[in-house]
Amino acid sequence: MAPMYTAVATSVGREGRSYSDDGILDLTLARPKALGGDGAGTNPEQLFAAGYSACFASALQLVAKRMKLDADEAAVTAEVGLNSREGGGFSLSVVLRVELPEHLHNESGRALVEATHQVCPYSHATQGNIPVELVVE
């Protein structure tokens, strides 16, 4: 299957630089203060959180239209945790907080979020690999 779009980015170190091939993305990377760094730049966990929340928000709009629901005011916040693994190494965990308009604070809103989780490419990529908790707010 040929990709519809391919994003290309290069990163140099965890405390270096990350940039896209088209030059639109060009970020300083830094270790967060919580991990002993100076926090003077972004980090991979923030980038993953931004990507997942943006993708989920986009998928939510698509699914809402299919379900004939108005979710234009919805917002998605991704909390990406960096965790120590027993025996060494690290893993990720995600909490997706989906803030829905008041008229969707019901079963339809919950169904919308669950259906979006089945459509979002980030949700597909993480399925069975890392825990993802969905919170409807």
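The legends below accompany several close-up views of a predicted model of one protein chain.

**Figure 1. The whole chain, as a starting point for the close-ups.** Before zooming in, it helps to get oriented. The protein chain contains 3 helices and 6 strands, and read from the N terminus these elements follow the order β-β-β-α-β-β-α-α-β. Measured out along its principal axes, the C-alpha trace covers about 45 × 35 × 30 Å. Of the 137 residues in the protein chain, 31% are buried. If you like contact statistics, here is one: taking contacts between residues at least 6 apart in sequence, 48% link residues at least 24 apart.

**Figure 2. Where domain 1 meets domain 2.** The domain assignment splits the protein chain into domain 1 (1–42) and domain 2 (44–136). Their C-alpha centres are 21 Å apart. At the interface, 6 residues of domain 1 make contact with 5 residues of domain 2. Together the two domains bury about 460 Å², and 59% of that area is on carbon and sulfur atoms. The polar side of the story is short: 2 residue pairs are in polar contact across the interface. Sorted by class, the side of domain 1 that touches domain 2 has 3 nonpolar, 2 polar and 1 charged residues.

**Figure 3. The salt bridge between the domains.** How many salt bridges are there between domain 1 and domain 2? The count is 1 salt bridge. Look for the side chains of Arg14 and Glu45, which meet in a salt bridge with an N to O distance of 2.7 Å. As general background, side chains of opposite charge can pair when their charged atoms come close. A search of the whole structure gives 6 salt bridges, and some of the others appear in the views that follow.

**Figure 4. Arg17 and Asp26 side by side.** The side chains of Arg17 and Asp26 form a salt bridge, 2.7 Å from N to O. Arg17 is partly exposed, at 38% relative accessibility. Asp26 is also partly exposed, at 45% relative accessibility.

**Figure 5. A salt bridge within helix H2.** Here Arg110 pairs with Glu114 in a salt bridge whose closest N and O atoms are 2.8 Å apart. The two residues are 4 residues apart in helix H2, so about one helical turn separates Arg110 from Glu114. Arg110 counts as partly exposed, with a relative accessible area of 31%, and Glu114 is partly exposed at 32% relative accessibility.

**Figure 6. Arg97 and Glu137, a link across the sequence.** Arg97 and Glu137 form a salt bridge, with the closest N and O atoms 3.2 Å apart. Arg97 belongs to strand E5 (residues 90–99) while Glu137 sits in the segment after E6, so this pair ties together parts that are 40 residues apart in sequence. Arg97 is partly exposed at 27% relative accessibility, and Glu137 is partly exposed at 38% relative accessibility.

**Figure 7. Thr116, a buried residue of helix H2.** Is Thr116 buried or exposed? Thr116 counts as buried because its relative accessible area is 0%, and the cut-off for buried is under 20%. Thr116 lies in helix H2 (residues 107–119). Setting aside neighbours within four places in sequence, Thr116 contacts Phe56, Ala59, Leu60 and Val63.

**Figure 8. Thr126 in helix H3.** Another threonine takes the stage here. Thr126 is part of helix H3 (residues 121–126) and is buried, at a relative accessible area of 6%. Which residues does Thr126 contact, leaving aside its neighbours within four places in sequence? The partners of Thr126 are Phe48, Tyr52 and Val132.

**Figure 9. Glu133 in strand E6.** Glu133 sits in strand E6 (residues 132–136). At 45% relative accessibility, Glu133 is partly exposed. Not counting residues up to four places away in sequence, Glu133 touches Val94, Val95 and Leu96. For a sense of scale, you can compare this site with Asp26 of Figure 4: from C-alpha to C-alpha, Glu133 and Asp26 are 30 Å apart in space, and they are 107 residues apart in sequence.

Conventions. Residues numbered from 1 in each chain as written. Predicted model: local features only at pLDDT ≥ 70, side-chain atom pairs only at ≥ 80, totals over all residues. Heavy atoms only, no water. Domains from an automatic or database assignment. Contact = heavy atoms within 4.5 Å. Buried area = accessible area lost by both parts, 1.4 Å probe. Salt bridge = Lys/Arg side-chain N within 4 Å of Asp/Glu carboxyl O. Polar contact = N/O pair within 3.5 Å; in protein donor to acceptor, adjacent residues only side chain to side chain. Nonpolar A, V, L, I, M, F, W, Y, C, P; charged D, E, K, R; others polar. Buried < 20%, exposed > 50% of the residue type's maximum accessible area, 1.4 Å probe, protein only.
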